[in-house]
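User: I am new to this structure, and I would like to understand the reasons behind the terms used for it. Could you take me through them step by step?

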Amino acid sequence: MSEDTAMIAEATARIFADLADPQTVNAARDDAWIGPLWQALEEAGLTRAWLSDANGGAGLDWATGFEILRVSGHYACPVPLAETLLAGWVLEAAGLAVPDGVLTLAPMRRGALALSGGSLSGTARSVAHGAGAEHVVVVAGDLAGVVAASAATARQRETDMGGERADLSFDAVPVHTAPLPGGASGLQMMGATARACQITGALESALHITTEYTGEREAFGRKIGKFQAVQQKLAQLAGEVAAALTASGSAADTLGTDGLGGDAAFLEVASAKIRCGEAAEAGVAIAHQAHGAIGWTSDYVLQRFTRRMLG
């Protein structure tokens, strides 16, 4: 990691620690904290990190952007930072204007959306932050476009594993499109790497929370962290964190140096997404086993991380 990347990651962590501490957010009675957090992220240039100066961006390299997302996962990022970063990257790559504010991306399921004759139709399901975004970026095949979120009919998902998801339906909504270099496959690779980095950050926090809990919780007159069986589980969890960190970091570095083309980039990204997914599944099980029933209660912070990893 370069010195500049480390400094930006540290600044990102300070913003989240000051304005979106997971325990504070978990206990909040309303969403008043969202505005100050998003404003701070915008003022720091983090929401437009991958955009060039011409689009009011910071012009950061991909590796730095992915490190920002790892830090956001470390704090169970409750706002669409990843979605806004990726959406802005898509629009700039396609030569389209990048609107201000909160952006999100519609999932690219085959046949879900149709871009034809300058209009958008269909339903995008389980769009992350779909109900709160100001604009939605859509990609169909080799075309990209952007529409105002208000042009869609939104239906909030009943089950939310993190990300305030909604189904967005479009009925012949006018949209200006442009070819996206690399098409949907390029965005899928960027998105997979972004999620792998977020999972890695969340796993790091799950390990920290679990280690602290087992060092405090007593059973049979001893801290449960002193029992060999618990220590073995903690070691396994640490191993999963290390594996995710290695896989996601390698994918981010490969994209930063080799770009989206070639078999090496595809192999790195696919491996990272698969390995981080496996690490999340195993890590969530270990963390909650160590915590017992308390881990899933709404007032305990662990579930903020594990729900997002599994979502």
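User: What makes some residues in the lining of the largest pocket nonpolar, others polar and others charged?

Analyst: In this predicted model, the lining of the largest pocket divides into 20 nonpolar, 12 polar and seven charged residues. The class follows from the residue type, because Asp, Glu, Lys and Arg count as charged, while Ala is among those that count as nonpolar. The largest pocket has a volume of about 970 Å³, and of the 39 residues that line it, the closest to its centre are Glu83, Ala128, Arg165, Arg195 and Gln198. Set against the classes, Glu83, Arg165 and Arg195 are therefore charged, Ala128 is nonpolar and Gln198 is polar.

User: Which element gives the largest share of that lining?

Analyst: Helix 6 does, with nine residues. The elements that give two or more residues to the lining also include helix 4 (62-74), helix 5 (81-93) and strand 3 (119-127).

User: How do you know that strand 2 and strand 3 are paired?

Analyst: Two strands pair if there are at least two bridges between them, and four bridges join strand 2 to strand 3, which run antiparallel; the pair therefore meets the cut-off. To see one place where the two strands meet, look at Leu115, whose bridge partner in strand 3 is Leu120.

User: Why are strand 2 and strand 6 said to stand at the edges of the sheet?

Analyst: The open sheet is formed by four strands in the order 2-3-7-6, with antiparallel pairing. Strand 2 (113-116) and strand 6 (153-156) each have a single partner strand, so one side of each is left without a neighbour in the sheet. Neighbouring strands of this sheet are turned by 10° against each other on average, with direction ignored.

User: Why is Ala76 called buried?

Analyst: Buried means under 20% relative accessible area, and Ala76, at 3% relative accessibility, therefore counts as buried. Ala76 is placed in the loop between helix 4 and helix 5.

User: How do you know that Ser126 is buried as well?

Analyst: The relative accessibility of Ser126 is 17%, which is under the 20% cut-off, so Ser126 also counts as buried. Ser126 lies in strand 3.

User: What makes the phi of Ala76 and the phi of Ser126 worth a remark?

Analyst: Most residues other than glycine have a negative phi. Ala76, although not a glycine, has a positive phi of about 50°, and Ser126, which is not a glycine either, has a positive phi of about 55°.

Notes. Residues are numbered from 1 along each chain as its sequence is written. This is a predicted model: local features need pLDDT of at least 70, side-chain atom pairs count only at pLDDT 80 or more; totals for chains, interfaces and linings use all residues. Side-chain values use heavy atoms; hydrogens and water are left out. On a 1 Å grid over the protein atoms alone, a cavity is a set of points where a 1.4 Å probe fits but cannot get out, and a pocket is an open set with protein on both sides within 12 Å along at least five of seven lines; lining residues have an atom within 4 Å of a point. Grid points are joined across faces, edges and corners, and a volume is the space filled by probe spheres set on the points. Axes are lines fitted to C-alpha atoms, for helices over the stretch in contact, and angles run from 0 to 180 degrees between N-to-C directions. Buried means under 20% relative accessible area, exposed over 50%, partly exposed in between (1.4 Å probe, protein chains only).
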